[in-house]
Amino acid sequence: TIGRRIYSFVKKINIMKSIVFKFGIISAVTILILFFISYLFLENLSFAVQEIWGYLSIFIALSFVFFGVKSYRDGLPNQEISFGRALGTGILIVLFPAIIFGLFNVIFITYLNPDFTEQYYATKIAETMTQYSGAELSSKLAEMESMKELASSSLFTFMLMASTVLILGFIVSLITAATLRSSGK
């Protein structure tokens with residue numbers, strides 16, 4: 001009985017690892033493809049539209065969390081999964097697109113479009129100048145200048161983009177776990 005329990009536990013872990021890897025990679029590749037579509041075809045759109053596309057791309061890529069957790073659950077005996085195990089599996093899947101998206105954004109800003117930060121802030125300054133005046137405008141512009149310096153850092157860019165995907169992925173994982181968990185667990 002103990003041997004059977006250990007065997008069952010190891011089997012579950014091996015199944016989970018392969019599913020996490022498979023769906024994590026699919027999610028990461030999806031986020032990169034959608035980013036390249038944005039880069040190649042949407043660069044002439046406003047930053048606001050590009051930002052909406054970016055969040056939509058993240059959510060599309062994170063949809064694979066649901067499919068990964070469901071695939072894992074469907075491979076378990078009696079197709080039962082606890083909320084915690086479903087949440088953990090989802091979060092492990094999310095690590096792949098989060099890290100890849102963070103790294104790719106560093107590459108994008110450093111090599112593919114090194115003027116992005118300047119262009120983005122020029123647009124934001126123009127918007128801010130239409131919304132504020134006087135001391136309030138000066139304060140906002142000083143705040144934006146300090147953020148621009150921070151945003152120029154590769155580490156900051158990586159952390160911001162990876163954490164954005166992680167936070168949204170955690171929410172998707174919570175919803176997935178609540179949806180797919182076995183009743184009473």
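The following paragraphs describe the fold, the surface and the charged side-chain pairs of a predicted model of one protein chain.

In this predicted model, the protein chain comprises six helices and zero strands, and the order of its elements from the N terminus is accordingly written as α-α-α-α-α-α. The radius of gyration of the protein chain is 21 Å, a value well over the 16 Å that the globule rule gives for 185 residues, so the chain is more spread out than a compact globule. The extents of the C-alpha trace along its principal axes are about 75 × 30 × 25 Å. Of the contacts in the protein chain with a separation of 6 or more, 80% are accounted for by residues 24 or more positions apart.

With respect to solvent accessibility, buried residues make up 33% of the 185 residues in the chain. The area exposed by the protein chain is about 11,100 Å², and 67% of this area is supplied by carbon and sulfur atoms. A residue from the N-terminal helix may serve as an illustration of a buried site: serine 38 is placed in helix H1, which covers residues 2-41, and serine 38 counts as buried because its relative accessibility, 12%, falls under the 20% cut-off. When residues up to four places away in sequence are not counted, serine 38 touches Glu43 and Trp53.

The charged side chains were considered next. The protein chain carries 14 positive and 11 negative side chains, and a distance of 29 Å separates the centres of the two sets. Side chains of opposite charge can pair when their charged atoms come close. In the present model, the count of salt bridges comes to four.

Within helix H2 (residues 47-74), lysine 70 and aspartate 74 lie four residues apart, which corresponds to about one turn of the helix, and their side chains meet in a salt bridge with an N to O distance of 2.8 Å. Both partners fall in the intermediate accessibility class: lysine 70 counts as partly exposed at 30% relative accessibility, and aspartate 74 likewise counts as partly exposed, at 27%. The pair also belongs to a network of salt bridges in which Lys70, Arg73 and Asp74 are linked.

A second salt bridge is formed between the side chains of glutamate 118 and lysine 148, for which the N to O distance is 3.0 Å. This pair links distant parts of the chain, since glutamate 118 belongs to helix H4 (residues 116-131) and lysine 148 to helix H5 (residues 134-151), with their positions 30 residues apart in sequence. The two partners are assigned to separate accessibility classes: glutamate 118 is partly exposed, with a relative accessible area of 45%, whereas lysine 148, with a relative accessible area of 17%, is buried.

Helix H4 also contains a pair of its own, in which the side chains of glutamate 127 and lysine 124 meet in a salt bridge at 3.4 Å, N to O. Because glutamate 127 and lysine 124 are three residues apart in helix H4, about one helical turn separates them. Glutamate 127 is partly exposed, having a relative accessible area of 35%, and lysine 124 is also partly exposed, with a relative accessible area of 24%.

Definitions and conventions. Residues are numbered from 1 along each chain as its sequence is written. This is a predicted model: local features need pLDDT of at least 70, side-chain atom pairs count only at pLDDT 80 or more; totals for chains, interfaces and linings use all residues. Side-chain values use heavy atoms; hydrogens and water are left out. Helices (H or I, at least four residues) and strands (E, at least two) are DSSP runs, numbered from the N terminus. The radius of gyration is taken over C-alpha atoms; the globule rule is 2.2 Å times the number of residues to the power 0.38. Buried means under 20% relative accessible area, exposed over 50%, partly exposed in between (1.4 Å probe, protein chains only). Contact means heavy atoms within 4.5 Å. Accessible areas come from the Shrake-Rupley method with a 1.4 Å probe; for residues, only the protein chains shown count as cover. Lys and Arg count as positive and Asp and Glu as negative; His and the chain ends are not counted. The place of a charge is taken as NZ of Lys, CZ of Arg, CG of Asp or CD of Glu.
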